[in-house]
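Hi everyone, thanks for coming. Let me put the structure up, and then we can walk through a metal site together.

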Amino acid sequence: MQNSCPIDPEDLPSNTSANEHFQDVVERAYSRRGFLKSGIGLSAALFLSGPISAYGAATGKSPQPGTAGLLGFQAIPISTDDTIKIAPGYTATVFAPWGTPLFKGDPAWKADGSDNAAAQARQVGDNHDGIHFFAIEGSSTEGLLVMNHEYATVKKGEYTWLFGADRTGPLTVDKVHKAIHAHGVSVIHIVRTNGGTWEIKLDSPYNRRITAATPMELTGPAAGDPLLRTKADASGKQVLGTFNNCGNGWTPWNTYLACEENFNNYFGTLSGEDTRNAAQKRYGISAKGSAFRWEEFEERYDYVKEPNEANRHGWIVEIDPFDPASTPRKRTALGRFKHENAAYALAADGRVVIYMGDDQRNDYIYKFVSDNTYRKGGDNSSLLDAGRLYVARFDDGDTADDFMGTGQWILLDKSDNPTLSADTSFTSQAEVLIHARLAADAVGATKMDRPEWVSVHPATGEVYVTLTNNNKRTTPDAVNPRANNIYGQIVRWREADSDAAATRFEWDIFVLAGNPIKHTDRNDLASGSANITADNTFNSPDGLAFDSHGRLWIQTDGKYSNSGDYEGQGNNQMLCADPVSKEIRRFLTGPKECEVTGIAFTPDSKTLFINIQHPGEAGDSHWPDGGTAIPRSATVIITKDDGGVIGT
Ligand code: FEO
Ligand code: CA
Ligand code: CA
Ligand code: CA
């Protein structure tokens, strides 16, 4: 079957009107250097490969609502209600909440939360996160919706919602297996009916659940390494399951990338000993019991009994959604850390580049560059098994307080990086990949304010990243300019010669999130950059993606107290930015205590799929079912009432 991705770069040149639009965007992007606060340092502009103009420079003014341009919708105010609110003229419809049966003939989800482990293995998982729509034969009305189920909400060893009324009862083997099945990935064949509503095709052979127990393969340079071998797997190549899949990615050869984030929270010990080595500590393995308590029932999660099992998690997993029998592959060439998402770009020579963030306070941004080139319609199934892994260093570039600078991609290669060659704590390249964080520490990469999603502009190739917050930063630097950064920022960079495989780049800060309601002095960085106003204030940007028209969609996973430093920011939300004018407008607000995450479009850009994760994580929501119902994570389908493109 021939399938297509919503954004295939090879398809762009054939689309004339899109191409003209992109040409305009490219020209303006080359001249886009605006200024956040007072600084006017143009020194970084020396690295620009295009002309500099005064476009948008330092006006300090936000465009008014209704300004012509990419953003056509009317901004909305904050909300603290237990519901979704969206811009006028748009409709949001709940779809495939946790527990939805995926196979024909299965019973309905039990609304008291009492379904067992076997039922959960055939239902949509919990805590929806990254999502992608794989069109079938280019269709915008039929495709495979693939999404991550990051975790199940737990607090102090108790699952908040997963077991319904039995939340306080003793943990049992069936409960642990239910939790294991609530994690992972769903592949859902969906179709839009003539009436305009979307439905799950329950008899489709594509429907699939991948869970924390599904057999998968470790591939690439570290596969088989002694550090990946366990009692159950002497080969070091066969592993059960993926979990804590946060953001996601996709490839133009129609595969899905599930990113393993806080895998450390699943490993602990009942032994009473603390045998952790430096690497286990660096990756955050608990000295005692784990948050999810799986080690109480399955030995492999007890790191004293099985010290290498945790090394088999923290990878990017490639899944072919169009082959339900395919074995998911953990791609070790992309490095092991707390993966947020995986953003694809194509280098000038056709090699594949994957940008990745490591979501931890003071951790790093990486990129993988494949050895071989992408071939449209060819066999790309081992492209992600061979390549080079780099980590980013952000330099100030000058002494101006200008929120821009230059940067370097540092190669993490045992034989090609002199620092790592001389470092005897890494015995092999496999170890560099398995302990990528330690290798990045050794080469002096820049410690960032919690890297979350990365997204690549579909026309300019500029790369944007959300740095969500960092209350552990004590020393500001150029790219992370605030100590105790509670609001976060979005940073962008342009690779040298606009080539994704380049080893040098220039960067600037696109937006410093902040709160001008609470911090009224606009010279105070806590008030945010000039494109933050009382009308669009937010904290903790997390989800981030460009649509194929170049609009930048931003989602938050932050503080929703609506008080103190967060006064006037309301529930978590979704906003949209114009990358040229830097204007940001609020598009949607989520229900209580949720995170808004996941961004996927149909090829015609007229249907947007997002996810609402952990509504009621602190106990105060009944979304989406209302009344006294258990809150449930769910997908939300967004359409424009006039049938138009989302964001216009
Ligand atoms: Fe799972 Fe970094 O958010
Ligand atoms: Ca600078
Ligand atoms: Ca996230
Ligand atoms: Ca998050």
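Is Asp542 buried or exposed? Asp542 is buried, at 2% relative accessibility; buried means under 20% relative accessible area, exposed over 50%, and partly exposed in between, with a 1.4 Å probe and protein chains only. Glu340 is buried as well, with a relative accessible area of 0%.

Some housekeeping: this is a predicted model, where local features need pLDDT of at least 70, side-chain atom pairs count only at pLDDT 80 or more, and totals for chains, interfaces and linings use all residues. Residues are numbered from 1 along each chain as its sequence is written, chains are lettered from A and ligands numbered from 1 in the order in which they are written, and side-chain values use heavy atoms, with hydrogens and water left out.

Now the calcium ion (ligand 3). Its protein donors are Cys246 (SG), Glu340 (OE), Glu452 (OE), and Asp542 (OD) listed twice, lying 2.3 to 3.2 Å from it. Donors here are N, O and S atoms within 2.8 Å of the metal (3.2 Å for Na, K and Ca), and since water is not among the atoms, sites may look incomplete.

Along the sequence, the donor residues follow the spacing C-x93-E-x111-E-x89-D. Glu340 sits in strand β17 (residues 339-346) and Asp542 in strand β28 (residues 541-546), so the pair ties together parts that are 202 residues apart in sequence. Strands are DSSP runs (E, at least two residues), numbered from the N terminus.

And Asp542 has another role: it bridges the calcium ion (ligand 3) and the calcium ion (ligand 4), which lie 3.3 Å apart.

Away from the metals, β3 and strand β34 (residues 634-640) pair in the antiparallel sense over six bridges; pairing takes at least two DSSP bridges between two strands. There, Phe95 has Thr635 in β34 as its bridge partner.

Terms used: Helix = DSSP H or I, 4+ residues; strand = E, 2+ residues; numbered from the N terminus.
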